[in-house]
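Here are my notes on this one, as numbered points you can check against the coordinates. Have the viewer open while you read.

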Amino acid sequence: MTEPAVQYRIIPSDPAAHLFTVACTVTNPNPDGQHFSLPVWIPGSYLVRDFSRHVLQASASVSGAAVGIRKTGKSTWACDPCEGPLTVTMEVYAYDLSVRGCHLDTTHAYFNGTGVFLRVEGQDAEPCRVMIEAPPAEAGDFDNWQVATSMRTAGAAYGGFGAYQADDYDDLIDHPVEIGVFTRVIFSCLGVPLVLVLPGHHRADLDRLARDLTTICEYHMRFFGGPPPIDRYVFLVMVVGEGGYGGLEHRYSSSLMCSRDDLPTAATGSMNDAYARFLGLVSHEYFHLWNVKRIRPAILQRSRLDAEAPTTLLWVFEGITCYYDDLGLVRSGLIDTRRYLGLLGKTATRVYKSRGRHVQNLSQSSFDAWIKLYKADENAPNAIVSYYTKGALAALALDLLIRERTGAAKSLDDVMRVLWQRHGVTDTGILEADFEALAAEVTGLDLKDFFDAAVRGTDDLPLAQALQQVGVTHTLTEGRKAKGAGQAQTAPRPSLDVVVKARNGAAVLANVLRGGAAERAGLAPGDELVAIDSLRVTHANLSARLAASAIGETVTVEAFRRDELMEFAVELQAPVKDTCKLAVDDEADAAADAARAAWLAPSQGAGGEPA
Ligand code: ZN
């Protein structure tokens, strides 16, 4: 076997200082001077992150003799002309504990290749090798550290340090690596080995996790017609404290972050909200194995990760995946219909709470993800709509529409399966108009009006009517009812029409909603509320203070803005009905009940057992 012409070495060289040492050796550098680069973004997370900002130093050498290296751009380097093998060595600071970054401390190491491995310009299509090494002895005692990654071994023992390999640069950076002490659960889904890796403290019920993950992964496999073309899959799940949540998909693995309380323990009953949320995340990332990692927009497939790669189709990849993540849970029996409709109602509520849904359409939301959704500011609720949540609702509406118009002969499931066969199996990138055309072709329906309204329009989707035909009621309420202050529990609470956050106990306006009472009175994001009608207001008592007044009443609100005390006359408004409740309609007819049963039943199109 010939040695790959590009080889990397990565060492968690100084865990206490959060420093990796990374070397890249090129056997045959460009004789005119070899160029290198680091990606500015990581696939799956549509924001320019400029990973090069964490490179502290870079040096180059040939056989120990220094070679000149200079930066040619924010994330690019060039070496002086030389004969190989040329080695570039970097010191990389890693203290971003997220699924997108790199993190190293004395408890563990985690990295994504996008943050540590240089692209060798002109040789990035070649196979390469990586030596993953243990921290040096002088850095401390890390004898019990192990390695977890979906990267193929090139000699390293399973779970061990040593040599790994990748087909090319894109493959190299698609295998996040966890190093440290962790729980490892190995199981198998339809013959594909799956590994669950859990760093961090936890008391999870591992048997249950293996059982439930098998259920959901097998469901998705059958959905797409059988096991995916992979021989392994790894879930790297970083277990952290309260509020931890996130995931990033890869072709052979995914990185997840969850809260300790999301995992089931021996004391967990049949199901709870937190565990359902975790299973939804697992389901989401696994569905991406097909939808976005292999069924891909052409522009993402071509991207060299050196600049934004905008596409109008992110809603297809994230929205449809969001639709199928929880749907997979109910169809595979992990959650019941009631819980599923509760989750779907929450997704709808998030959309109804964004006034930006009437400003930005799904296509624009997708295209501008880089500068809007990923750079959300205080005006986000008024300006943008999420291609995740609204995309999931569009997928739901499309699915129900196809079922209705074809007399249940076809569904979105069929569209996804053809998408997989035509674009995933063949690795043919999707052009911007392809999804819409394929949906029409597969279903035999004219769907232009649907796409005009749902994807290119900003009116609300006709969800209530769509859900009615599957025997589900759709109700919009004002959400939480007022408590105390002598008012009946059912009374709508007078509203400022703002989103409030707590800062040192004070009520601070996070968002002032477009056209609402607070905006009309001149209140602005960042204002710290002090008093209403001369009575002190805190984050804790704001609701009760408002409930003491009436809708339509004008109150005097005092607030600090930039340390200046200001006064506003606010005419309190009725709360907006933006909380969506979905429930099985007890009065639905038999046809609707049957349509619901077909919608929520395990997808039949895959033909049961895979071929
Ligand atoms: Zn996703």
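1. A quick definition before the metal site: donors here are N, O and S atoms within 2.8 Å of the metal, and because water is not among the atoms, a site may look incomplete. Keep in mind too that this is a predicted model.

2. Which protein atoms hold the zinc ion? His284 and His288 each give NE2, and Glu318 appears twice in the donor list through OE atoms. These donors lie 2.0 to 2.8 Å from the zinc ion. Along the chain, their spacing reads H-x3-H-x29-E.

3. On geometry, I'd call the zinc site irregular, with angles of 51 to 151 degrees among its 4 donor atoms. A tetrahedral label would need all angles to lie between 85 and 135 degrees, so the 51 to 151 degree range rules that label out.

4. The two histidines deserve a look together. Both sit in helix H4 (residues 273-288), and because His284 and His288 are 4 residues apart there, about one helical turn separates them. Are they buried or exposed? His284 is buried, and His288 is buried as well.

5. Now the sheets. One open sheet has 8 strands with mixed pairing, and its order is S5-S4-S8-S2-S1-S12-S15-S14. Strand S5 (65-67) and strand S14 (152-153) are at the edges; each has a single partner strand, so one side of each is left without a neighbour in the sheet.

6. Inside that sheet, have a look at strand S4 (residues 55-62) and strand S8 (residues 86-93). They run antiparallel and are joined by 7 bridges. If you want a pair to click on, Val55 stands opposite Val92 in S8.

7. A second open sheet, also of mixed pairing, has 5 strands in the order S17-S18-S19-S21-S20. Its edge strands are strand S17 (182-189) and strand S20 (245-249), each of which pairs on one side only. From one strand to the next, the twist averages 15 degrees.

8. Staying with the S20 edge, S20 runs antiparallel to strand S21 (residues 253-259), with 5 bridges joining them. Glu249 has Ser254 in S21 as its bridge partner.

9. Next, a helix pair. How do H11 and H12 cross? The axes of helix H11 (residues 412-424) and helix H12 (residues 434-443) come within 9 Å and cross at roughly 120 degrees. H11 and H12 therefore count as oblique to each other, and the crossing of H11 past H12 is right-handed.

10. Further along the chain, strand S25 (residues 528-532) is worth following through its pairings. With strand S24 (residues 506-512) it pairs in the antiparallel sense over 2 bridges, and Val508 stands opposite Glu528 in S25. Strand S27 (residues 554-561) is also antiparallel to S25, with 4 bridges between them; here Ala531 has Glu558 in S27 as its bridge partner.

11. Last, the hairpin of S25 and S26. Strand S26 (residues 535-536) runs antiparallel to S25 and is joined to it by 2 bridges, with Leu535 in S26 as the bridge partner of Ile532. There are 2 residues between the strands, and Asp533 takes a positive phi near 50 degrees.

How values were computed
Residues numbered from 1 in each chain as written. Predicted model: local features only at pLDDT ≥ 70, side-chain atom pairs only at ≥ 80, totals over all residues. Heavy atoms only, no water. Donors = N, O, S within 2.8 Å, 3.2 Å for Na, K, Ca; no water. Tetrahedral: all angles 85-135°; square planar, octahedral: opposite > 155°, others 65-115°. Buried < 20%, exposed > 50% of the residue type's maximum accessible area, 1.4 Å probe, protein only. Pairing = 2+ DSSP bridges. Axes fitted to C-alpha atoms, helices over the stretch in contact; angles between N-to-C directions. Parallel < 35°, antiparallel > 145°, perpendicular 65-115°, else oblique. Left-handed = near helix turned anticlockwise from the far one by under 90°.
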